[in-house]
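The exercises below can be worked through with the sequence and the model side by side. Try each task before reading its solution.

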Amino acid sequence: ESGESRDLTDAVSDVPFWSPDSRFIGFPSEGKLKKIEATGGPPQTVADLPGNLWALGAWNQDDVIVFGDRRIGFFRVPASGGVPVQITAVDKARHEITHFVPSFLPDGRHFVYYRGSRDEGKSAIYLGSVDMKPEQQSSNPLIPNDWAAQYAPAVDPSTGYLLFVREGTLMAQPFGNTRFELKGQAEPLAEAIGYKSISYAPFSVSANDVLVFQQRT
């Protein structure tokens, strides 16, 4: 808010993520999941990373972090530190190649994430739970898509939106927070969204109705 920028650390090796209270930033570095206070200070180690292909992270209001490796799956760990527990697993028998970009829902126990497949038309956005083992996670896709989604809250606390990119257009799909199901039709928000990498598009949404995105030039 001061309009000034400052370096926090130069050790970040991939995309960072915020704690829900905006006090901390989580990031991968030197084979570890770390966190650092947004006001500055030394980085703190949270856990070992399960691999070297960062699948991004998400942090809920109960101080549980979901993070992982794209070729292995997602893990949960307390933000205070601990031993990671695997909660999703890339299923090679179903020709899956990646799990990517977790985004928590308001209850803090469920999250949406992307499962990529070698089979055409099989990649999709799925619902996951921090309380389930890999074999217990839902195998029913929410939205068939080649790009990951992020959850955005709405004025009505029972409903939110899943934001995702389809054919270069940023879409908003109404989503019920109680029964975890789609509601109505997806509507376009912006066009010509620039792709950062496979399955991950450059947009971010806050809890107070602010959306940031990058368009192709």
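**Exercise 1. Classify K183 by its accessibility, and find what its side chain meets.**

Solution. Step 1: K183 has 35% relative accessibility, so it counts as partly exposed; buried means under 20% relative accessible area, exposed over 50%, and partly exposed in between, with a 1.4 Å probe and protein chains only.

The model is predicted: local features need pLDDT of at least 70, side-chain atom pairs count only at pLDDT 80 or more, and totals for chains, interfaces and linings use all residues. Residues are numbered from 1 along each chain as its sequence is written, and side-chain values use heavy atoms, with hydrogens and water left out.

Step 2: K183 sits in the loop between β16 (181-182) and β17 (187-190). Strands (E, at least two residues) and helices (H or I, at least four) are DSSP runs, numbered from the N terminus.

Step 3: Setting aside neighbours within four places in sequence, K183 is in contact with T159, Q173, P174, F175 and G176, where contact means heavy atoms within 4.5 Å.

Step 4: The side chains of K183 and T159 are joined by a polar contact of 3.2 Å. A polar contact is a pair of N or O atoms within 3.5 Å; within protein, one must be able to donate a hydrogen and the other to accept it, and residues adjacent in sequence count only if both atoms are side-chain atoms. From C-alpha to C-alpha, K183 and T159 are 8.6 Å apart in space, and they are 24 residues apart in sequence.

**Exercise 2. Is Q173 buried or exposed, and which backbone oxygen does its side chain reach?**

Solution. Step 1: Q173 belongs to strand β15. Step 2: Its relative accessibility is 7%, so Q173 counts as buried. Step 3: The side chain of Q173 reaches the backbone oxygen of G184 at 3.3 Å. Step 4: Beyond four places in sequence, the contacts of Q173 include K183, G184 and Q185, and also I143 and Y161.

**Exercise 3. Repeat the analysis for N145.**

Solution. Step 1: N145 is located in the loop between β12 (143-144) and β13. Step 2: N145 counts as buried because its relative accessibility is 6%. Step 3: A polar atom of the N145 side chain lies 3.1 Å from the backbone oxygen of V165. Step 4: V165 is also among the contacts of N145 outside the four-place window, along with Y114, S123, A124, I125, F164 and R166.

**Exercise 4. In what order do the strands of the open sheet run, and how do they pair?**

Solution. Step 1: Four strands make up the open sheet, in the order β1-β2-β3-β4, with antiparallel pairing. The edge strands are β1 (17-18) and β4, each pairing on one side only. Two strands pair if DSSP finds at least two bridges between them.

Step 2: β2 (residues 24-29) and β3 (residues 32-37) pair over six bridges, and P28 has L33 in β3 as its bridge partner. Two residues lie between β2 and β3 in their hairpin, and E30 in the turn has a positive phi of about 55 degrees.

Step 3: β3 pairs with β4 (residues 44-48) over four bridges. K32 has D48 as its bridge partner in β4, and K34 stands opposite T45. This hairpin has six residues between the strands, and G40 takes a positive phi near 110 degrees.

**Exercise 5. Locate two residues other than glycine that have a positive phi.**

Solution. Step 1: H95 is not a glycine, yet its phi is positive, about 65 degrees. H95 is in the loop between β8 (85-86) and β9 (96-104), and at 40% relative accessibility it counts as partly exposed. Step 2: F180 has a positive phi near 55 degrees and is placed in the loop between β15 (169-176) and β16.

**Exercise 6. How many residues line the largest pocket, and how do they divide by character?**

Solution. Step 1: The lining has 30 residues, and W18, Q150, S204, V205 and S206 lie nearest the pocket centre. On a 1 Å grid over the protein atoms alone, a pocket is an open set of points where a 1.4 Å probe fits, with protein on both sides within 12 Å along at least five of seven lines; lining residues have an atom within 4 Å of a point.

Step 2: The lining divides into 20 nonpolar, 10 polar and no charged residues. Here Ala, Val, Leu, Ile, Met, Phe, Trp, Tyr, Cys and Pro count as nonpolar, Asp, Glu, Lys and Arg as charged, and the others, Gly among them, as polar.

Step 3: β1, β5 (54-59), β9, β13 (149-153) and β18 (203-205) each supply at least two lining residues.
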